[in-house]
Amino acid sequence: MSDARARALRERAERALPGGVNSPVRAFRAVQGTPPAISRGEGAFLFDEDGNRFIDYVLAYGPHILGHNPPEVVAALRTQLERGVAFGSTVALEVELAERIVDAVPSIEMVRFVNSGTEATMSALRVARAATRRDLIVKFAGAYHGHADALLADAGSGVATLSIPGSEGVPARATADTVVLPYNDIAALTELFELRGGEVAAVIVEPVAGNMGCVPPVPGFLQRMRDLTQRYGTILVFDEVMTGFRVAYGGAQELYGVRPDVTCLGKVIGGGIPVGAYGGGRALMELVAPSGPVYQAGTLAGSPLAMAAGCAVLDALHDGAAYERLETLGSRLERGLAAAADDAGVDCAINRVGSMLTPFLGVSEVIDFESARAASTATFATLHSAWLGRGILWPPSQFETGFISTAHAEADIDRTVTCFLDVLSSQTDLPGSG
Ligand SMILES: *Cc1c(COP(=O)(O)O)cnc(C)c1O
């Protein structure tokens with residue numbers, strides 16, 4: 001592959017942007033690789049500055065469930081672009097997207113749009129603390145809820161990738177009211193509530209963890225969390241920034257039949273334009289200003305471009321056919337990778353929920369952050385670079401989730417599997433190998 005233009009661009013990027021990027025994981029440090037410089041996207045593919053084509057499983061880290069630049073989203077954006085991009089006043093599209101979300105997500109009666117997932121979780125905690133008049137927050141190790149101070153304790157995604165415990169610059173006081181428990185550990189959750197349940201304002205959880213790699217909830221975990229939070233008057237916050245409209249039209253709460261009090265959204269609902277949202281029952285959401293005393297605002301919140309893209313994406317997903325297609329493709333990839341690992345005699349836990357998937361190399365089961373961290377990140381880096389060399393772009397960390405879009409084809413999946421088998425067959429230093 002030629003990379004002359006990309007290399008020149010990266011050199012300029014490294015001078016002008018910290019680490020050459022605007023979000024840490026994009027720098028490919030965890031796989032000691034060189035990130036491609038992208039010039040355009042189309043369906044399941046990205047094209048770099050030198051014209052090389054990649055089958056894309058990053059999909060902008062989640063938003064592009066229909067692939068890159070789907071015609072219906074492009075048309076909606078073009079129409080809005082000609083009318084104007086920001087007015088600072090009510091527009092029909094923000095009401096329309098809100099109504100679609102209320103119809104789709106079982107626990108949401110009202111919604112507030114913000115500009116990112118980070119803002120959504122930050123605001124959800126503020127509402128929970130106001131509603132309960134308590135301070136304590138419970139989160140899970142390896143979960144990522146954006147980069148707000150209080151939630152940067154034992155976080156996943158780029159934080160896990162870079163192996164930093166939290167972040168410099170976060171005062172100890174900011175995380176002093178954050179308790180971190182192991183994901184999927186029903187006993188630890190129960191014990192915490194028995195000891196301190198009356199102090200807990202909110203439990204915030206990724207109902208399918210996606211930022212330590214993909215880790216589904218074990219049976220009973222979410223239901224037990226719902227029962228305990230209800231009993232102790234704690235607000236249950238589902239961070240569905242990744243899973244919302246991704247694992248099912250109504251999100252993970254529809255898939256697992258558990259209703260949180262507050263839901264955070266982002267990614268898919270903006271079609272790739274910056275967006276976030278939080279929503280819940282009417283009484284809770286009416287605590288938010290100007291209805292209530294919880295202040296939260298945004299100059300560009302409810303951006304007409306994001307609302308237009310979001311409505312177009314949700315309309316394309318609404319009849320459910322997309323989720324059947326994603327399940328077909330997801331299960332093909334899962335079965336293909338599992339058979340390849342088997343053929344190569346390599347242990348590999350493959351975790352998948354719908355179109356979210358992570359192969360954890362060198363381990364047979366991953367149920368929490370500790371078992372995720374037992375995976376071989378060195379082998380993952382080898383795999384990542386072999387895939388990249390053959391035009392397959394996977395998220396650049398063992399602790400990220402790969403995504404499939406409706407634009408992917410069976411042939412793309414099969415090529416990905418073939419290359420996976422080639423790489424594993426040449427690995428000799430893995431548990432289970434040989
Ligand atoms: C991506 C993500 C966030 C943060 O969203 P940003 O838009 O990057 O701020 C929060 N929670 C989860 C579960 C996410 O996957």
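This is a short tour of selected strands and helices, stop by stop, in a predicted model.

**Stop 1: the hairpin**

Start by selecting residues 38–42 and 45–48. These are strand 1 and strand 2, an antiparallel pair joined by four bridges. If you would like one pair to label, pick Ile-38 in strand 1: Asp-48 in strand 2 is its bridge partner. Now move to the turn. Two residues separate the strands of this hairpin, and Gly-43 in the turn has a positive phi of about 60°.

**Stop 2: helix 2**

Next, select residues 71–83, which make up helix 2. How far apart are its end C-alpha atoms? They are 19 Å apart, which agrees with the 18 Å that 13 residues should span at 1.5 Å a residue. Step on to Gly-84, which follows helix 2 and has a positive phi near 130°.

**Stop 3: helix 4 and Thr-118**

Select residues 117–132 for helix 4, a run of 16 residues. From first C-alpha to last, helix 4 reaches 23 Å, close to the expected 22 Å. Colour the helix by accessibility and look for its buried residues, among them Gly-117, Ala-120, Ser-123, Leu-125 and Val-127. As you view the helix end-on, keep in mind that an α-helix has 3.6 residues a turn, so residues three or four places apart point the same way. Just after helix 4 comes Arg-133, with a positive phi near 55°.

Now zoom in on Thr-118, which sits in helix 4. Is Thr-118 buried or exposed? Its relative accessibility is 14%, so Thr-118 counts as buried, the limit being under 20%. Show its surroundings too: leaving aside residues up to four places away in sequence, Thr-118 touches His-145, Gly-146, His-147 and Ala-148. For a distance to draw, take a polar side-chain atom of Thr-118 and the backbone nitrogen of His-147, which lie 3.3 Å apart.

**Stop 4: the three-stranded sheet**

Select strands 11, 12 and 14, which form an open antiparallel sheet in the order 11-12-14. Strand 11 (348–353) and strand 14 (402–403) each have a single partner strand, so one side of each is left without a neighbour in the sheet. Six bridges link strand 11 to strand 12 (residues 356–361), again in the antiparallel sense. Label Ala-349 and you will find Phe-360 of strand 12 opposite. While the side chains are showing, recall that in a regular strand they alternate between the two faces of the sheet.

Finally, add residues 321–344. This is helix 12, which lies across strand 11 and strand 12 and runs at about 175° to strand 11.

Definitions and conventions:
Residues numbered from 1 in each chain as written. Predicted model: local features only at pLDDT ≥ 70, side-chain atom pairs only at ≥ 80, totals over all residues. Heavy atoms only, no water. Pairing = 2+ DSSP bridges. Contact = heavy atoms within 4.5 Å. Axes fitted to C-alpha atoms, helices over the stretch in contact; angles between N-to-C directions. Expected span 1.5 Å × (residues − 1). Buried < 20%, exposed > 50% of the residue type's maximum accessible area, 1.4 Å probe, protein only. Polar contact = N/O pair within 3.5 Å; in protein donor to acceptor, adjacent residues only side chain to side chain.
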